[in-house]
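Open the model in your viewer and keep the selection tool at hand. Please follow the stops in order.

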Amino acid sequence: MPTTIEQARHFWICAGDMSGGSRNQIELTDDLALFFTDAERVAEIVLIRLSGGNTLSRPLTYRGDDYGQWTEDIWRLGLPTSNMGAPDYPGRVIKLQRSDLDGEVVYDICVADIGGEEAQLWIEASENNGFCGSTGDTGIHEGRSFGYWFD
């Protein structure tokens, strides 16, 4: 049975305030960035599919730890913007589901309200068949809940 984030098919994370002008960039620790394949992390590009079926190449950028504000390595994922047909992310829960699209890895994105029924189902799936955790609390930024599961 799979046990690590690299083997997970589903990954969710509380978005927080987000960054970027369109509030579409989410920061991930090195450990969470392992959800994406080695090839995607090297190329710094992932394919994200919106609910309407539109698939977009999006940046997954390694930011390191040399910006004076982080204590561990950080990756920044630029999610599709509202101008591209994506939902609003700040203050919500983002879920990515790894799928296959003609031999390529694609991540189906879904967004739910914190405390909503859909988000609660994701938490339960993680608790029952995966892992739930929280990113580090730096004292400046509060940690964000996340989870992943297998199927």
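This tour goes from the sheet to the cores, then to single residues. Note at the outset that the model is predicted.

**Stop 1: the sheet**

Show the strands as a cartoon. Nine strands make an open sheet. Their order is E2-E5-E4-E3-E7-E6-E1-E9-E8, and the pairing is mixed. The edges are E2 and strand E8 (130-134), each of which pairs on one side only. From one strand to the next, the twist averages 25°.

**Stop 2: strand E5**

Select residues 74-78, which form strand E5. Are the residues of this strand buried or exposed? Five of its five residues are buried, and the strand is mostly covered. Now look at its two faces. Ile74, Arg76 and Gly78 are buried on one side. Trp75 and Leu77 are buried on the other. In a regular strand, side chains alternate between the two faces of the sheet.

Add the strands that pair with E5. Strand E2 (residues 25-29) runs antiparallel to E5, with five bridges between them. To find one of these places, select Gln25 and its bridge partner in E5, Gly78. Strand E4 (residues 55-64) is also antiparallel to E5, joined by four bridges. Here, pick Gly64 with its partner Ile74.

**Stop 3: the edge at E8**

Move to E8 and strand E9 (residues 145-149). The two run antiparallel and are joined by five bridges. Select Gly133, then Phe146 of E9, which stands opposite.

**Stop 4: the cores**

Which residues have the most contacts inside the largest nonpolar core? They are Phe11, Phe36, Leu77 and Leu79, in a core of 30 residues. Strand E7 (residues 104-113) gives the most to this core, with three residues. Another core lies apart from it. That one has eight residues, including Cys14, Val93, Ala119 and Trp149.

Return to Phe36 and show what surrounds it. Beyond its neighbours within four places in sequence, Phe36 is in contact with Leu28, Arg41, Val46, Leu60, Leu77, Leu96, Arg98 and Tyr107.

**Stop 5: Arg41**

From that list, select Arg41. Arg41 sits in helix H2 (residues 38-43). Its relative accessible area is 15%, under the 20% limit, so Arg41 counts as buried. Which side chain joins that of Arg41 in a polar contact? The side chain of Asp38 does, at 2.5 Å. A polar atom of the Arg41 side chain also lies 2.4 Å from the backbone oxygen of Phe36. Outside its neighbours within four places in sequence, Arg41 is in contact with Ala33, Leu34, Phe36, Leu60 and Trp75.

**Stop 6: two cysteines**

How many disulfides does a search of the whole structure find? Zero. Select Cys14, which is in no disulfide. Why is there no bond between Cys132 and Cys14? The sulfur of Cys132 is 9.9 Å from that of Cys14, its closest cysteine sulfur, and this is too far for a bond because a disulfide needs sulfur atoms within 2.5 Å. Cys14 is buried at 14% relative accessibility, whereas Cys132 is partly exposed at 30%.

**Stop 7: Leu121**

Finish in helix H3 (residues 117-129), where Leu121 lies. Leu121 is partly exposed, with a relative accessible area of 48%. Draw a distance from its C-alpha to that of Leu56. The two are 27 Å apart in space and 65 residues apart in sequence.

Technical notes:
Residues are numbered from 1 along each chain as its sequence is written. This is a predicted model: local features need pLDDT of at least 70, side-chain atom pairs count only at pLDDT 80 or more; totals for chains, interfaces and linings use all residues. Side-chain values use heavy atoms; hydrogens and water are left out. Buried means under 20% relative accessible area, exposed over 50%, partly exposed in between (1.4 Å probe, protein chains only). A polar contact is a pair of N or O atoms within 3.5 Å; within protein, one must be able to donate a hydrogen and the other to accept it, and residues adjacent in sequence count only if both atoms are side-chain atoms. Contact means heavy atoms within 4.5 Å. Two strands pair if DSSP finds at least two bridges between them. A nonpolar core is a set of buried Ala, Val, Leu, Ile, Met, Phe, Trp, Tyr and Cys residues joined through side-chain atoms within 4.5 Å. Axes are lines fitted to C-alpha atoms, for helices over the stretch in contact, and angles run from 0 to 180 degrees between N-to-C directions.
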